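This report is written for a reader who is meeting the structure for the first time. Please keep the sequence and the model in view while reading.

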Amino acid sequence: MPHHTTALRLVAPVAVLALSLTACGGGDNADAKSPATEKAKVFPSPEPTSGGAMKAGESATGKVEEDPGKVTYEILAQKVDVGTEAEAAKAVSEPDKVKGKVLATAYLKYTHKSGPALTDGADVHDGTTVFADGQRGTVLIGASEDAAGCEDPYDVDSWKQGESHVFCETYVIPANAKNVEVHWSEEDGEPYIWKFPNA
């Protein structure tokens, strides 16, 4: 499952960076004082930024390492359906654990913008989390596949550029939460955040 590879993926960029620094540190230093090198020290290249607050209806763009290769997606958090305490109690095997809690199902539309076609499921939804009043909710696995208008990302067996799919994530949040936030982020990136009032 993709969740198990996250730790391995986090290690790789650090290892590459360490090797790059080692390679620059030894040997002949003829270029160490070159104008280009000095300028790079004073004015480092800006890092690409991602994440931040999003407006209602505003899409984000992000890249995901899928099974056939890197895919660029357009991501839009469409809505969040918040249920009742009674619905939450019915949805879990231990109703006592969700007293004072409700289910929040986030609907996200993902559009394949560039990269290889997918033929065996998608991992783009792995970057999604739901927060309530600034606190991360508890994911409820398997609940969102039954929600109307939601697709199962593992059932997508053909996904080409220009095509869109709606995947959902269901989280357990406090029933009295004032705001619900949908976060989506690239691996190691800052999250894009859509806020939905819980009236």
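## Overall architecture

In this predicted model, the protein contains three helices and 10 strands. Their order along the sequence is α-α-β-β-β-α-β-β-β-β-β-β-β.

The protein has 199 residues, and 33% of them count as buried. Its exposed surface amounts to about 12300 Å², of which carbon and sulfur atoms supply 55%. Among contacts with a separation of 6 or more, 71% are between residues 24 or more positions apart.

## The disulfide

The structure holds one disulfide. A disulfide is a covalent bond between the sulfur atoms of two cysteines. Here the partners are Cys150 and Cys168, whose sulfur atoms lie 1.9 Å apart. The pair links distant parts of the chain, 18 residues apart: Cys150 belongs to the loop between strand S7 (138-139) and strand S8 (164-174), whereas Cys168 is in strand S8.

The torsion about the S-S bond of Cys150 and Cys168 is about -80°, so the disulfide is left-handed. Buried residues are those under 20% relative accessible area. Cys150 has a relative accessible area of 13% and is therefore buried. Cys168 also counts as buried, because its relative accessibility is 6%.

## Strand S2 and its two faces

Strand S2 covers residues 60-65, and Ala60 is found in it. In a regular strand the side chains alternate between the two faces of the sheet. S2 shows such an alternation: the side chains of Ala60, Gly62 and Val64 point to one face and are buried, while those of Thr61, Lys63 and Glu65 point to the other and are not buried.

Ala60 counts as buried because its relative accessibility is 2%. Leaving aside residues up to four places away in sequence, Ala60 touches Met54, Tyr73, Glu74, Ile75, Tyr192 and Trp194. The C-alpha atoms of Ala60 and Ser50 are 8.8 Å apart in space, and these two residues are 10 residues apart in sequence.

## Pairing of S2 with S3

Strand S3 spans residues 70-82; S2 and S3 run antiparallel and are joined by six bridges. Thr61 has Glu74 as its bridge partner in S3. Glu74 also appears among the residues that Ala60 touches.

S2 and S3 form a hairpin, with four residues between the two strands. In the turn, Gly69 has a positive phi of about 150°.

Technical notes:
Residues are numbered from 1 along each chain as its sequence is written. This is a predicted model: local features need pLDDT of at least 70, side-chain atom pairs count only at pLDDT 80 or more; totals for chains, interfaces and linings use all residues. Side-chain values use heavy atoms; hydrogens and water are left out. Buried means under 20% relative accessible area, exposed over 50%, partly exposed in between (1.4 Å probe, protein chains only). Contact means heavy atoms within 4.5 Å. Accessible areas come from the Shrake-Rupley method with a 1.4 Å probe; for residues, only the protein chains shown count as cover. A disulfide is a pair of cysteine sulfur atoms within 2.5 Å. Two strands pair if DSSP finds at least two bridges between them.
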